[in-house]
Amino acid sequence: MAYAGTLQAIRERVGKRGASAYLEKAAQRRIERDNLDELIADFDKVHGPADPEAVAAKRARLTGGAQNAGAAA
């Protein structure tokens, strides 16, 4: 069951008629995230967790710098 305040916030953002499409898109994003979480958990079971230093190094390469490279890892 959705909270009235949440539904009101959605309606204010997208209008009364856009609420269903907004909720559908939000549900799709949640399913995608859940699927990714499952994929990562399966990978970790097989290979172990990712090395934080390796993740930080790869993030720095992808973002073009080392500033705060490991902050979100």
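Reader: In what order do the elements of the protein run from the N terminus on?

Author: In this predicted model, the elements follow one another as α-α-α from the N terminus on, and the secondary structure accordingly comes to three helices and zero strands.

Reader: What confidence does the predictor attach to the protein and to its helices?

Author: The protein has a mean pLDDT of 88, with 86% of its residues reaching 70 or more, while among the elements the mean is lowest in α1, at 92, and highest in α2, at 96. Where pLDDT is low, the predicted coordinates should not be read in detail.

Reader: Why is Ile10 called buried?

Author: Buried means under 20% relative accessible area, and Ile10, with a relative accessibility of 8%, therefore counts as buried. Ile10 belongs to helix α1, which covers residues 4-14, and, once its neighbours within four places in sequence are set aside, it is in contact with Gly15, Ala19, Tyr22 and Leu23. Of these partners, Tyr22 is 12 residues from Ile10 in sequence, with a C-alpha to C-alpha distance of 7.7 Å. In the protein as a whole, buried residues make up 10% of the 73 residues.

Reader: How do you know that the length of helix α2 agrees with what should be expected of its residues?

Author: The expected span is 1.5 Å times one less than the number of residues, so the 29 residues of α2 (residues 19-47) should span 42 Å, and the end C-alpha atoms are indeed 42 Å apart. After α2 comes Gly48, with a positive phi near 85°.

Reader: What makes the span of helix α3 agree with expectation?

Author: By that reckoning the 12 residues of α3 (residues 52-63) should span 16 Å, and the agreement follows because the end C-alpha atoms are 16 Å apart. Just after α3, Gly64 takes a positive phi of about 80°.

Reader: What makes Arg30 and Asp34 a salt bridge?

Author: The cut-off is a side-chain nitrogen of Lys or Arg within 4 Å of a carboxyl oxygen of Asp or Glu, and the N to O distance between the side chains of Arg30 and Asp34 is 3.0 Å, which lies inside that limit. By this rule the count comes to one salt bridge. Because Arg30 and Asp34 are four residues apart in helix α2, about one helical turn separates them. In an α-helix there are 3.6 residues a turn, so residues three or four places apart point the same way.

Reader: Why do Arg30 and Asp34 fall into their accessibility classes?

Author: Exposed means over 50%, and partly exposed lies between 20% and that value; Arg30, at 52%, therefore counts as exposed, whereas Asp34, at 30%, counts as partly exposed.

Reader: Which residues form a nonpolar patch on the surface?

Author: Leu36, Leu39 and Ile40 form the patch, with about 300 Å² of accessible area together, and Leu36 is found in helix α2. The accessible surface of the protein comes to about 6,600 Å², 55% of it belonging to carbon and sulfur atoms.

Terms used:
Residues numbered from 1 in each chain as written. Heavy atoms only, no water. Helix = DSSP H or I, 4+ residues; strand = E, 2+ residues; numbered from the N terminus. Buried < 20%, exposed > 50% of the residue type's maximum accessible area, 1.4 Å probe, protein only. Contact = heavy atoms within 4.5 Å. pLDDT = per-residue confidence, 0-100. Areas by Shrake-Rupley, 256 points an atom, 1.4 Å probe, with all protein chains shown as cover. Patch = residues over 30% accessible without salt bridge, like charges linked within 9 Å, V, L, I, M, F, W, Y side chains within 5 Å.
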